[in-house]
Amino acid sequence: MDPIRIDTGKRNVLGEGKHGVVYRLEDRYAVKVHHPHVAPEVLARDYLVGLALQGRGYPVAKPFGTRPVKVLGSESVEERYATGLLTQILPGVNIKKEVLLACKDRRLHDELEQRVFELLIKAKDRGFGVRDEGTHNAMYDPLTGGVHLFDFASWGLIGELLDPETGTFLNNKVIRLK
Ligand SMILES: Nc1ncnc2c1ncn2[C@@H]1O[C@H](COP(=O)(O)OP(=O)(O)OP(=O)(O)O)[C@@H](O)[C@H]1O
Ligand SMILES: [Mg+2]
């Protein structure tokens, strides 16, 4: 399979975190490419957990799968082959970075935080290994009022117990990686 070419120009960067950079591809996909030091299983875990959550009806960035990518060179990112996780581009704004820190709307942030926490608590109760809690991994769409979660790189892995077709669990055991 030919690698997808990722243009690292500023216009294409949707965001950046500890694990990697998220690029816009053809105005259609968000592609997360991890920093070279991150183990490949982490991206697979991000995908599988997203798939399981989607299969259970949670509002998440729809995961489409992992694909080989070629990250084109720029000043900050060296040219290299890597794996990218393709998901839906979420509409709206990052709740922490843009509602709390940029527009400083504390009341709206707290309201949205409550909705995020409710989703996380529900996920925990259903056996997901929820980690990395907070509003930095959630987006708010002011047009629809919708809240969506993304970034499951640090969550527990459901792994072999997950049916990848349907995103449902074959049993409720959660394997926690470090
Ligand atoms: N599907 C998406 N649609 C739009 N923007 C996104 C999407 N996924 C990620 N982003 C943006 O990119 C940023 C980094 O993404 P993400 O949190 O997945 O990376 P990370 O390296 O795993 O982060 P962390 O530091 O939390 O481990 C997010 O804060 C968000 O603003
Ligand atoms: Mg994140």
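Q: With 24 C-beta neighbours inside 10 Å, does Asp151 count as buried or exposed?
A: In this predicted model, Asp151 has 24 C-beta neighbours inside 10 Å. A residue needs 20 or more other C-beta atoms within that distance to pass the cut-off for burial. Asp151 therefore counts as buried.

Q: In the loop between which two strands is Asp151 found?
A: Asp151 is not a glycine, although its phi is positive, at about 65°. This residue is also among the closest to ligand 1, together with Gly15, Gly17, Lys18 and His19. Its loop is the one between β9 (146-149) and β10 (162-163).

Q: Is Asp27 buried or exposed?
A: Asp27 is likewise a residue other than glycine with a positive phi, here about 50°. Its place is the loop between β3 and β4. An exposed residue has 12 or fewer other C-beta atoms within 10 Å. Because Asp27 has 7, the residue is exposed.

Q: Which strand gives the most to the shell around ligand 1?
A: The ligand is surrounded by 21 residues. At least two of the shell residues come from each of β2 (13-16), β3 (20-25), β4 (29-34) and β6 (80-88). With 3 residues, the strand that gives the most is β2.

Q: How many charged residues does the shell around ligand 1 have?
A: Sorted by class, the shell around ligand 1 includes 8 nonpolar and 9 polar residues. The charged residues in this shell number 4.

Q: What is the order of the strands in the open sheet of 6 strands?
A: The pairing in this open sheet is mixed. Its edge strands, each paired on one side only, are β1 (4-6) and β2. Neighbouring strands are turned against each other by 35° on average, direction ignored. From one edge to the other, the order is β1-β5-β6-β4-β3-β2.

Q: Which residue of β5 is the bridge partner of Ile6?
A: Strands of a sheet can pair through backbone hydrogen bonds in a parallel or an antiparallel sense. For β1 and β5 the sense is parallel, over 3 bridges. The partner of Ile6 in β5 is Val71.

Q: What angle does the direction of helix α1 make with that of β5?
A: Helix α1 (residues 40-55) packs on the sheet. The strands touched by this helix are β4, β5 and β6. Relative to the direction of β5, that of α1 makes an angle of about 155°.

Q: Is Arg67 buried, partly exposed or exposed?
A: Arg67 lies in strand β5 (residues 63-71). Beyond residues up to four places away in sequence, it touches Ile4, Gly84 and Leu86. Its C-alpha atom is separated by 8.6 Å from that of Ala82, 15 residues apart along the chain. Because 16 other C-beta atoms lie within 10 Å, Arg67 is partly exposed.

Q: What share of the 178 residues of the protein chain counts as buried?
A: The protein chain has 3 helices and 11 strands. Among its contacts with a separation of 6 or more, 56% join residues 24 or more positions apart. Of the 178 residues, the share that counts as buried is 31%.

Q: Over which residues is the pLDDT below 50?
A: The average pLDDT of the protein chain is 86, and 85% of the residues score at least 70. A stretch with pLDDT below 50 has 14 contacts in the model beyond near neighbours in sequence. That stretch comprises residues 171-178.

Conventions: Residues numbered from 1 in each chain as written. Chains lettered and ligands numbered in written order. Predicted model: local features only at pLDDT ≥ 70, side-chain atom pairs only at ≥ 80, totals over all residues. pLDDT = per-residue confidence, 0-100. Contact = placed C-beta atoms within 7 Å. Near = placed C-beta within 6 Å. Helix = DSSP H or I, 4+ residues; strand = E, 2+ residues; numbered from the N terminus. Nonpolar A, V, L, I, M, F, W, Y, C, P; charged D, E, K, R; others polar. Pairing = 2+ DSSP bridges. Axes fitted to C-alpha atoms, helices over the stretch in contact; angles between N-to-C directions.
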